[in-house]
Amino acid sequence: PPVMLVELFFQAACVTLVLPGGQGRVYPARKKPASFAVERRRVGPHVCFSGLGGGCCPGWMLAPGSGQCTLPLCSFGCGSGFCIAPNLCSCPDGEQGITCPEPPGTCGEYGCDLSCNHGGCQEVARVCPLGFSMAETANGVRCTDIDECLSAACEGLCVNTEGGFVCECGPGMQLSADRHSCQDTDECLATPCQHRCKNSIGSYRCSCRPGYHLHGNRHSCV
């Protein structure tokens, strides 16, 4: 009957549609898009996709040799180190961070001064005069006086001076040749007494010959 022929034709058409690789396909099917994982493996790591296409993920850039997104970016720079991951530096001292401290220049921690003579000019390390130390202040690097009296070995009194120190001795004492120790001053060499003088440590005492007595000024004889 005509109805049965129509049903058989419809079934045959359905079989043709679902048979894989069949030549009787009614319409051409679109190519199934590859999954994200397959596409990621195909173009390399650190690739991000958007509606505009694929590109390197933030923090990565194309490596010149391979053309893949394998070169990390460090926004702050790594100074004397090198970039090992996005905003992660490996520094020469073994530390890791978003950046590395710059190594001290050839002139040391406090920079250079220009030294000029008849042979030309050259950069030399910035140093402080003897007796001064270099210190960082709110106004920059300054040379400050060293208080040598904190460590000086004066036998008497230590007096700090700009760039050095001096030792002083008490009354009746004088500074020795080593400029540190004190020795007694023989006041009798200056003949302070009218008759007789007896030196003592740090002082002296006057006396008179027989028949005289010491004046109230302790120096003259009456």
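Which residue does a disulfide join to Cys188? It's Cys197, and the two sulfur atoms sit 1.9 Å apart. Keep in mind that this is a predicted model.

**View 1. The disulfide of Cys188 and Cys197, up close.** The twist about the S-S bond here is -75°, a left-handed link. Cys188 counts as buried, at 17% relative accessibility. Its partner Cys197 comes out at 29% and counts as partly exposed.

**View 2. The span listed in UniProt as "domain: EGF-like".** An unreviewed UniProt entry gives this name to residues 184–218. From end to end, the C-alpha atoms of that span are 21 Å apart. Strand makes up 31% of the span, and helix 0%.

**View 3. Cys56 and Cys69, a disulfide between a strand and a loop.** The sulfur atoms of this pair are 2.0 Å apart. The S-S torsion is about -80°, so this disulfide is left-handed. Cys56 belongs to strand E2 (residues 53–56), while Cys69 sits in the loop between strand E3 (60–61) and strand E4 (71–72), so the bond ties together parts 13 residues apart in sequence. Cys56 is partly exposed at 28% relative accessible area, whereas Cys69 is buried at 5%.

**View 4. The disulfide of Cys116 and Cys121.** Here the S to S distance is 2.1 Å. The torsion about the S-S bond is about 110°, so this disulfide is right-handed. Cys116 is partly exposed, with a relative accessible area of 47%. Cys121, at 53%, counts as exposed because the cut-off is over 50%.

**View 5. The whole set of disulfides.** The structure holds 13 of them, including the Cys56 and Cys69 pair.

Terms used: Residues numbered from 1 in each chain as written. Predicted model: local features only at pLDDT ≥ 70, side-chain atom pairs only at ≥ 80, totals over all residues. Heavy atoms only, no water. UniProt positions renumbered as here; feature names shortened; annotations may be inferred. Helix = DSSP H or I, 4+ residues; strand = E, 2+ residues; numbered from the N terminus. Disulfide = S-S within 2.5 Å. Buried < 20%, exposed > 50% of the residue type's maximum accessible area, 1.4 Å probe, protein only.
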